[in-house]
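Biologist: I'd like to learn how to read the side chains in a model like this one. Can we go through it together?

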Amino acid sequence: MTVAQRHGRRIMMTPAELDSFLAEQRTCRVATVSADGRPHVSALWFAWDGRSLWLYSLTRSRRWSEMRADPRIAVVVDDGEEYGELRGVELSGTVEFIGEAPRTGEPFPALEAPEQLFAAKNFGLDAMPHDGRHAWARLTPDAIASWDFRKI
């Protein structure tokens, strides 16, 4: 169940605006928590399927090991330079790990659609190139907050 945004309704994105924004943006910032409680934020490419954010992460990264230890994360996708141009989305929840890790390209039906989206968006390709170093985590958010200062 997704938590409704309470504050900033005037500048929040509609569902269609949110889908469009996430479809056009490439980079997100993923916040994880280390074993000692310190936050860690790292940039990552993603794909949005209209329901979930698909994260393709190096499996030998700090981010991946922290997500495996504590799958609760927050992700921010934002854009804009001047104050009146700022817009973005914060998504939070618990990631699920999908497919083999690392991903070698073995057939996996649940990854067909997100891999096609990701390959087209980030590489301009019809099929996902697999390097045996990355794997998939899916965030179906529990909460979403958005803002678009262009509405002010």
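Modeller: Sure, starting with aromatic pairs: rings of Phe, Tyr and Trp (its six-membered ring) pair if their centres lie within 6.5 Å, and planes under 30 degrees apart count as stacked, over 60 as edge-to-face and the rest as tilted. By this rule there are 8 aromatic pairs. Keep in mind that this is a predicted model, where local features need pLDDT of at least 70, side-chain atom pairs count only at pLDDT 80 or more, and totals for chains, interfaces and linings use all residues. Residues are numbered from 1 along each chain as its sequence is written, and side-chain values use heavy atoms, leaving out hydrogens and water.

Biologist: Why is the pair of F118 and F123 called edge-to-face?

Modeller: Their ring centres are 5.9 Å apart and the planes sit at 65 degrees, so the pair is edge-to-face. F118 also pairs with W136: those centres are 5.2 Å apart with planes at 90 degrees, so that pair is edge-to-face too. The F118 and W136 pair links distant parts of the chain, 18 residues apart, with F118 in helix α3 (residues 109–123) and W136 in strand β6 (residues 134–139). Helices (H or I, at least four residues) and strands (E, at least two) are DSSP runs, numbered from the N terminus.

Biologist: Which residues do ring pairs link into a cluster?

Modeller: W45, W54, Y56, F118, F123 and W136.

Biologist: Is F118 buried or exposed?

Modeller: Buried means under 20% relative accessible area, exposed over 50%, and partly exposed in between (1.4 Å probe, protein chains only). F118 is buried at 2%, and W136 is buried at 0%. F123, at 38%, is partly exposed.

Biologist: What about charges and rings?

Modeller: A charge sits over a ring if NZ of Lys or CZ of Arg is within 6 Å of the ring centre and within 35 degrees of the ring normal. Here K121 lies over the face of F46, at 3.8 Å from the ring centre. Likewise, R68 lies over the face of F97, at 4.2 Å from the ring centre.

Biologist: And how many residues does the largest nonpolar core have?

Modeller: A nonpolar core is a set of buried Ala, Val, Leu, Ile, Met, Phe, Trp, Tyr and Cys residues joined through side-chain atoms within 4.5 Å. The largest one has 22 residues, and those with the most contacts inside it include C28 and F46. A second, separate core of 9 residues includes W54, I98, L111 and A119.
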